[in-house]
Amino acid sequence: MTQTSSRASTRGVRVQVKARFSPEHSDAKRPLWFFVYTVTITNDGDATVQLLHRHWEITDAHGHVEHVRGPGVVGEQPTLAPGQSFEYTSGCPLTTRFGFMKGEYRMVLIESGETFDADVAGFPLRMSDETLN
């Protein structure tokens, strides 16, 4: 199984993503290709942070771009003390066989109230070579 990944660090917030094609949730006849991604957010800094909002930019194989924005991730707005991590898994449906995702999380420093965007480095959404055959 092909798995893609990315990693970025912004102001001590490290975001790692691992994505894979999910054949059990896909149906080429519809057409629908479904990809599952797991995100690990780690606070490598020395101040407590909270994730407030998410923004994803999803591009399909035809170059169509969709923006997804909303509060938190998977219904949560996790607070991370220094050294803590939060992990979640979600999915992305596409009408094409491959695509690309990137984004950012709006974070707030709990003590000062200062906000900043933690980057989510881009990663491809693609099927494995064996799935294509």
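How many bridges join β4 to β5? In this predicted model, the count is seven, and the two strands run antiparallel. Within this pair, Trp56 stands opposite Val68 of β5. The strands β4 and β5 form a hairpin with four residues between them. In that hairpin, Gly63 takes a positive phi near 85 degrees.

A second set of strands forms an open sheet. Four strands take part, in the order β1-β2-β3-β7, and their pairing is antiparallel. The edges are β1, residues 3–10, and β7, each of which pairs on one side only. From one strand to the next, the twist averages 20 degrees. Strands of a sheet pair through backbone hydrogen bonds, and the sense may be parallel or antiparallel. For β3 and β7 the sense is antiparallel, and the pairing extends over 10 bridges. One bridge can be followed residue by residue: Tyr37 has Ser90 of β7 as its partner.

The residues of these pairings return in the largest pocket. Its volume is about 180 Å³. The lining has 14 residues, and those closest to the pocket centre are Tyr37, Trp56, Val68, Ser90 and Gly91. Both the bridge partners Tyr37 and Ser90 and the facing residues Trp56 and Val68 are therefore found in that central group. Strands β4 (49–60), β5 (65–71) and β7 (85–94) each supply at least two lining residues. The most come from β7, which gives five. By class, the lining holds 10 nonpolar residues, two polar and two charged.

Nonpolar residues also gather in the interior. In soluble globular proteins, nonpolar side chains tend to be buried together. Here the largest nonpolar core has 30 residues. Those with the most contacts inside the core are Tyr37, Trp56, Tyr88, Tyr105 and Phe123. Several strands contribute: β2 (13–21), β3 (33–43), β4, β7, β8 (98–109) and β9 (115–126) each give two or more residues to this core. Tyr37 and Trp56 belong to the core and also to the group closest to the pocket centre.

Phe123 lies in strand β9. Its relative accessible area is 0%, so Phe123 counts as buried, under the cut-off of 20%. Phe123 and Thr48 are 75 residues apart in sequence. In space, their C-alpha atoms are 27 Å apart.

The loops hold some backbone features of their own. Pro31 lies in the loop between β2 and β3. The peptide bond that leads from Arg30 to Pro31 is cis, with omega near -10 degrees. In the loop between β1 and β2 is Arg11. Arg11 is not a glycine, yet its phi is positive, at about 50 degrees. Arg11 has a relative accessible area of 49%, so this residue is partly exposed, as exposed means over 50%. Val74 sits in the loop between β5 and β6, the latter spanning residues 79–80. Val74 also has a positive phi without being a glycine, here of about 40 degrees. With a relative accessible area of 45%, Val74 is partly exposed.

Terms used
Residues are numbered from 1 along each chain as its sequence is written. This is a predicted model: local features need pLDDT of at least 70, side-chain atom pairs count only at pLDDT 80 or more; totals for chains, interfaces and linings use all residues. Side-chain values use heavy atoms; hydrogens and water are left out. On a 1 Å grid over the protein atoms alone, a cavity is a set of points where a 1.4 Å probe fits but cannot get out, and a pocket is an open set with protein on both sides within 12 Å along at least five of seven lines; lining residues have an atom within 4 Å of a point. Grid points are joined across faces, edges and corners, and a volume is the space filled by probe spheres set on the points. Ala, Val, Leu, Ile, Met, Phe, Trp, Tyr, Cys and Pro count as nonpolar, Asp, Glu, Lys and Arg as charged, and the others, Gly among them, as polar. A nonpolar core is a set of buried Ala, Val, Leu, Ile, Met, Phe, Trp, Tyr and Cys residues joined through side-chain atoms within 4.5 Å. Buried means under 20% relative accessible area, exposed over 50%, partly exposed in between (1.4 Å probe, protein chains only). Two strands pair if DSSP finds at least two bridges between them. Axes are lines fitted to C-alpha atoms, for helices over the stretch in contact, and angles run from 0 to 180 degrees between N-to-C directions.
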